[in-house]
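Visitor: Please give me a close look at a single part, the interface between the chains, with a word on the cysteines beforehand.

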Protein chains: 2
Amino acid sequence: MPKRTKPQVVSGVSPSGSLNPHIQAQRRKLRPPGEYVRGILEGSRVMLSQAITLIESTRPEHQKLAQEIIGLCLPHSGHSIRIGITGSPGVGKSTFIEALGLLLLEQGRRLAVLAIDPSSKVSKGSILGDKTRMEKLSGSEAAFIRPSPAGESLGGVARKTRESIILCEAAGYDTIIIETVGVGQSETAVHSMADFFLLLLLPGAGDELQGIKRGIVEMADLIAVNKADGERLPLAKRARQEYRNALHLFPPKESGWAPKVEVCSATTGLGIPEAWQQVLSHWKTTEENGYFLKNRRNQAYYWLRESINQQLLAAFAQDPAVQEKRKAVEQAVLEGKLSPFQGAEELVALFLGG
Amino acid sequence: MPKRTKPQVVSGVSPSGSLNPHIQAQRRKLRPPGEYVRGILEGSRVMLSQAITLIESTRPEHQKLAQEIIGLCLPHSGHSIRIGITGSPGVGKSTFIEALGLLLLEQGRRLAVLAIDPSSKVSKGSILGDKTRMEKLSGSEAAFIRPSPAGESLGGVARKTRESIILCEAAGYDTIIIETVGVGQSETAVHSMADFFLLLLLPGAGDELQGIKRGIVEMADLIAVNKADGERLPLAKRARQEYRNALHLFPPKESGWAPKVEVCSATTGLGIPEAWQQVLSHWKTTEENGYFLKNRRNQAYYWLRESINQQLLAAFAQDPAVQEKRKAVEQAVLEGKLSPFQGAEELVALFLGG
């Protein structure tokens, strides 16, 4: 059971967190990193929330503190199953996650649900922002639900979610669900931090699969045909067969896992335990053949490269010499007076020389 | 008609170019940039070839010279229609390009055919490497065919192709075809440098479209169902109808152009003039509504950002302080002792501090 942190270190704001956490973070005095970490390790949801708010903040002092907290939590992280879940809007992701989540809580697991939604400008209103969509789950002490960080670039949003996973794991959540809406490249980002990738589809088969990029289907470890209840059940079963046939056309996965297709319904509970069984079975397979660890190492390596890239570009963008000259170079490139390569060379030389 | 350059400046190798151009470039004395540019502007295929070989070279002195040549050619570039062509292996890209190309030559146009194939390790054997696949076209003085540059990363290969376009345009080629094989992300690269994007498909409809990523279909200005001859003609016509139906499901394009679907056959010549008519019609539409120029400016801006990115990463990778520490940081990140962000921070600080 999470413990409340001592209220006296908070300046004027109750740690129960009734205010918007972003406003809280700005009003609140920052604590030493060890204090957040102690709270997180003790399972304090308030401390976890506050630390994630620091991760999401763009203020340099918040970022610095967040990175110290992440570094201290790192040795306590990693002991979880990370499940990526995607599907087009309307496929029933929230109800599926709620049904699966309640099953997991019954089994004594602790669940954190995070999200990647690069379109979200503010937390409110983004996917998962409306916690009422997972009412039962969000009422439980063993579940932690956090909406997508708001940010301009997918890369930034994805990094923040990945770092939040570390804190959630340190706080004792042994199952992490990362949700994304099935549009654009956010699935690739989720895939880069998940052990298991679940694609939710609707009954309706062929047409439906065409709307999903082939690359996303290729990532799936499990395709679940959702809303398989009432009149849609036969349709869903037919879709299951079609997807199974289609999956045969894909090359075998490096993980050694043969992707599965199941029907399920969050309303009737059909297929939810089976979906979880597939997650466990996949975990067992990849633990035994070494892929689980190999994949996590590959992901860490990927994120190292991504972080280098992001930090270099950020330093470049903030460089005063670059800032002074950038507009003129852009203009010359747009007018065809300078090739893009030459323009870049000029700006990069300014950056590295300065 | 292209003029031969003076042979006396070439050290021991005939400018007719019987040797592999890469070997030639290393044996040959470098000329001043103005000499290449003069040759290119006079329409010398040999000079154009040699300059492209410099673009493709990884040697710093070749790169430096290549960039000077590009800068000097830039004011003479841009006056062409750039057509990206993609399609799965076996769809008949080469025969289609040959048939279209011969039509263009008849109309007095001058055609350069370039390629992006990131899988090509050496020029020989890559797509377009085997010129016999476009025998008639490659025999013509008004056509210039160049295989894909060999390179490790798609970004590098794409940049070199984009720079080669500038030189080809300066050499008077008014129609540029950039071919890529329909796998992976190379279509996006081609799209980033083409005015018009043509997707070749085979008769066989639905199944076929599933194998092509949705994003690629969305890029297409024209889908041509190829090999529409003999017994395949009715099948191709059915496919045309299905693709036309499918295209209705896509959102309208920013260019204001409604993508078309046609059947064609390089063997019988069916649909080839119609395909070219679509290119011209698209050009007229986008010239009038301003999208043509807007798109070219967006592409230049995209390539400026790409170049900045590539140059920053290259400078980072070559930094001695980074090189010394990189392995240890990677190891610490892989072992979970350092977060990817912290690892990146450490290396980027070394780079910027050094």
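Guide: A residue is called buried under 20% relative accessible area, exposed over 50% and partly exposed in between (1.4 Å probe, protein chains only). Cys264(A) has 1% relative accessibility and therefore counts as buried. Cys73(B) forms no disulfide, the nearest cysteine sulfur being that of Cys168(B), 9.9 Å away, where a disulfide needs two cysteine sulfur atoms within 2.5 Å. Cys73(B) is also buried, because its relative accessibility is 0%. Over all chains, the structure has zero disulfides.

This is a predicted model, in which local features need pLDDT of at least 70 and side-chain atom pairs pLDDT 80 or more, while totals for chains, interfaces and linings use all residues. Residues are numbered from 1 along each chain as its sequence is written, chains are lettered from A and ligands numbered from 1 in the order written, and side-chain values use heavy atoms, without hydrogens and water.

Now the interface. Chain B brings 47 residues to the contact and chain A brings 46, contact being heavy atoms within 4.5 Å. About 4,200 Å² is buried between chain B and chain A, 69% of it from carbon and sulfur atoms; this is the accessible area (1.4 Å probe) lost on putting the two parts together, summed over both. Between the two chains there are zero salt bridges, that is, no side-chain nitrogen of Lys or Arg within 4 Å of a carboxyl oxygen of Asp or Glu.
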